[in-house]
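Here are my notes for you as you open this one up for the first time. Have it on screen and click through the residues as you read.

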Amino acid sequence: MKRWIIVAVFIALAVLHQDFWNWDKADLVFGFMPIGLAYHAGYSIVAAIFWALVINFAWPKDLE
């Protein structure tokens, strides 16, 4: 069951990485950061948390 959840979240992150909906926007976040850069900063944080959870919960215990 865990493997399917990990694969599903991985695919969702791969699809969300292609943020084509922000390509034409010139909006600024916090008055100075382009929206595409802010999106990828948030995306990077979510991806790092996801992979940290994968390592914590899905890493085989017999390899340590």
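The points below go residue by residue, with a few words on the core and the rings.

1. Before anything else, keep in mind that this is a predicted model. Everything here was computed from that model, and local features are only discussed where pLDDT is at least 70.

2. Start with D19, in the loop that runs between helix 1 (2–17) and strand 1 (28–29). What catches my eye is that D19 is buried and yet has no salt bridge. Which side chain of opposite charge is nearest to D19? That would be K25, at 9.2 Å. A salt bridge would need a nitrogen and a carboxyl oxygen within 4 Å, so K25 doesn't qualify as a partner for D19.

3. D19 does have a polar contact, though: its side chain meets the side chain of H40 at 3.3 Å. If you skip residues up to four places away in sequence, D19 touches G36, Y39 and H40.

4. Now look at N22, which sits in the loop between helix 1 and strand 1. Is N22 buried or exposed? Its relative accessible area is 9%, so N22 counts as buried. Leaving out residues up to four places away in sequence, N22 touches I35 and Y39. Y39 is also on the list of residues that D19 touches, so it's a good one to keep displayed while you look at this loop.

5. Next, the core. Which residues make up the largest nonpolar core? There are five: L13, Y43, A47, F50 and V54. Helix 2 (residues 35–58) supplies the largest share of this core, with four residues.

6. Within that core, Y43 is worth a click. Setting aside neighbours within four places in sequence, Y43 is in contact with L13, A14, L16 and H17. One of these, L13, is itself a member of the core.

7. I6 lies in helix 1. Not counting residues up to four places away in sequence, I6 touches F50, V54 and A58; F50 and V54 are among the core residues. For a sense of distance, try I6 and A38: they are 32 residues apart along the chain, and their C-alpha atoms are separated by 25 Å.

8. I11 is also placed in helix 1. With a relative accessible area of 48%, I11 is partly exposed; the exposed class begins over 50%. The C-alpha atoms of I11 and W59 are separated by 19 Å, with their positions 48 residues apart along the chain.

9. On to the rings. How many aromatic pairs does a search of the whole structure find? Four. Take F20 and W21: their ring centres are 5.1 Å apart and their planes stand at 75°, so this pair is edge-to-face. F20 counts as exposed because its relative accessibility is 54%, while W21, at 34%, counts as partly exposed.

10. Ring pairs also link F10, F50 and W51 into a cluster. F50 should be familiar by now, as it belongs to the largest nonpolar core and is touched by I6.

11. Last, a backbone point. F30 has a positive phi of about 60° although it is not a glycine. Where does F30 lie? You'll find it in the loop between strand 1 and strand 2 (33–34). Its relative accessibility is 71%, so F30 counts as exposed.

Definitions and conventions. Residues are numbered from 1 along each chain as its sequence is written. This is a predicted model: local features need pLDDT of at least 70, side-chain atom pairs count only at pLDDT 80 or more; totals for chains, interfaces and linings use all residues. Side-chain values use heavy atoms; hydrogens and water are left out. Helices (H or I, at least four residues) and strands (E, at least two) are DSSP runs, numbered from the N terminus. Buried means under 20% relative accessible area, exposed over 50%, partly exposed in between (1.4 Å probe, protein chains only). Lys and Arg count as positive and Asp and Glu as negative; His and the chain ends are not counted. A polar contact is a pair of N or O atoms within 3.5 Å; within protein, one must be able to donate a hydrogen and the other to accept it, and residues adjacent in sequence count only if both atoms are side-chain atoms. Contact means heavy atoms within 4.5 Å. A nonpolar core is a set of buried Ala, Val, Leu, Ile, Met, Phe, Trp, Tyr and Cys residues joined through side-chain atoms within 4.5 Å. Rings of Phe, Tyr and Trp (its six-membered ring) pair if their centres lie within 6.5 Å; planes under 30 degrees apart count as stacked, over 60 as edge-to-face and the rest as tilted.
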